[in-house]
Amino acid sequence: MSPRYIARNSNIAARLLGDEMIVMSARDSTLFTLNPLATEIWQAADGRTPLAEIVETRICPKFEVEPAAAYQDAEAFVEQLASHGILLVSDQPIEPA
Amino acid sequence: MSSLLDQVAAKALALGVPLSVQLDLTWRCNLRCLHCYLEHDGGAELPAGAFAEILDQLAGAGALFLVLSGGEVLLRQDFFEILEHARARLFSVKLKTNGTLLGASEARRLRALAVQQVDISIYSHRREVHDGVTRMPGSLERSLAAVRELRSQGVSVRLVDVLMRQNVSDYQGVQALAAELGAAFVVDPTVTPKLNGDRSVTALRIGGSTLARIFRDPSVVGHVGEFCAPPPPPDEAVLNEYPCSAGHTACYISPCGDLYPCVQFPLPCGNLRRQTFAEIWRGSPALTQVRAIRSRDLPVCRQCANLSRCSRCPGLACLEGDLLGPSTLDCEKAHARTSIPPSLAASR
């Protein structure tokens, strides 16, 4: 399986509110609130760190979840945000815009 | 069921976060609209660097929704520098402009910067009426050209129609224009006194019977039966509510850095050249005073059956001389909406 890289789209609006990230899509103004786990992934989405590494180093230790299940949840989350243009996904590192 | 935005607002309220901020970059304007509440001449303006610092502080305080307004924002040569900084800090930006200085290149830049929405004031579909309000010949043509440029770039546009005696009969024409241009449309019957206290502009306000007719137009209010239904008597939950978000999750910053609870709420809270945003937001006695007020503390309004349908503006009440009193404009609006007169409402 090739690594997956994720990066935040620069066209969104976002702010941390308490322990949740509020994200607004520029494309359709849809508003999302990310739970603490999703917020952790979001904050780690630098375009250079593979998703699997994010899950292994930031999600599993902090939220005490099994790597396989955590990766599956993370992939679903990433797909959902990518479909709204909020996250960029690639099998290559993503350069900053 | 509350919307996600309602839930976010409730969380911001609980955390004391200024979720929404209006930032006026200038009070200068190239139009001289009949109803404008601003003095356009003179007045200090912060440089772009100072606004950038304020934006950093606002982002740090948790502000997400930013309205950049004026005056006419495009009169500032450094407008895009400020906007770029706001977007780099991931604000959701809405822009208020008259559009007369907005051409193809500005529209492209607004699109590239992912501005959420541009509000452009259109007072009539008829040149003589719109230009009569703005007192600038050719302004309707130029504003509509801006709308077309923005729409061609895919930028969301909303036509804002402030209703006055001069133009109220034309709102359906503006509404049709908005549909033709692919823009949203909203009417606003609020004509506020000038910030210097001059109330003469309020003579432009439309009468209650006209407002009642507009409030029964489903193309404006949606479901008329729901919108105009007499409200249930105020219960404990309603009496414990804050009158509005001003000073709680929203605030206004003037071109010289003065901070107020809202653009319509002339209660000075501090100045951002002398204090940080956090110092004012957390420590201003004026904001503390505003935040202490619940609906039950309003001696007249708490007895009014229209309370839960009323959009009472504490700023307009303040302009009328009593922070805890009614805002008569909102009394009229609530009356037009529910048909329950304020006097009767107050005695029920």
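## A walk from chain B to the chain A sheet

Start by selecting chain B, which carries 16 helices and 9 strands (DSSP runs numbered from the N terminus: H or I of at least four residues for helices, E of at least two for strands). This is a predicted model, where local features need pLDDT of at least 70 and side-chain atom pairs pLDDT 80 or more, while totals for chains, interfaces and linings use all residues. Residues are numbered from 1 along each chain as its sequence is written, and chains are lettered from A and ligands numbered from 1 in the order written.

Zoom out on chain B: its C-alpha trace spans about 55 × 50 × 40 Å along the principal axes. Colour by burial and 46% of the 348 residues come up buried (20 or more other C-beta atoms, placed from the backbone, within 10 Å of the residue's own).

Now select strands 2, 3 and 4 of chain A. They form an open antiparallel sheet in the order 2-3-4 (strands pair if DSSP finds at least two bridges between them). Strand 2 (13–17) and strand 4 (31–34) of chain A are the edges, each with a single partner strand, so one side of each has no neighbour in the sheet. The twist averages 20° from one strand to the next (angles run from 0 to 180 degrees between N-to-C directions of lines fitted to C-alpha atoms, for helices over the stretch in contact).

Step in: 5 bridges join strand 2 of chain A to strand 3 (residues 20–24) of chain A. Click A:Leu17, whose bridge partner in strand 3 is A:Glu20.

Last stop: helix 1 (residues 4–15) of chain B packs on this sheet, touching strand 2, strand 3 and strand 4 of chain A (contact: C-beta atoms, placed from the backbone, within 7 Å).

Note on methods: A residue is buried if 20 or more other C-beta atoms lie within 10 Å of its own, exposed if 12 or fewer, and partly exposed in between; C-beta atoms are placed from the backbone. Two residues are in contact if their C-beta atoms, placed from the backbone, lie within 7 Å.
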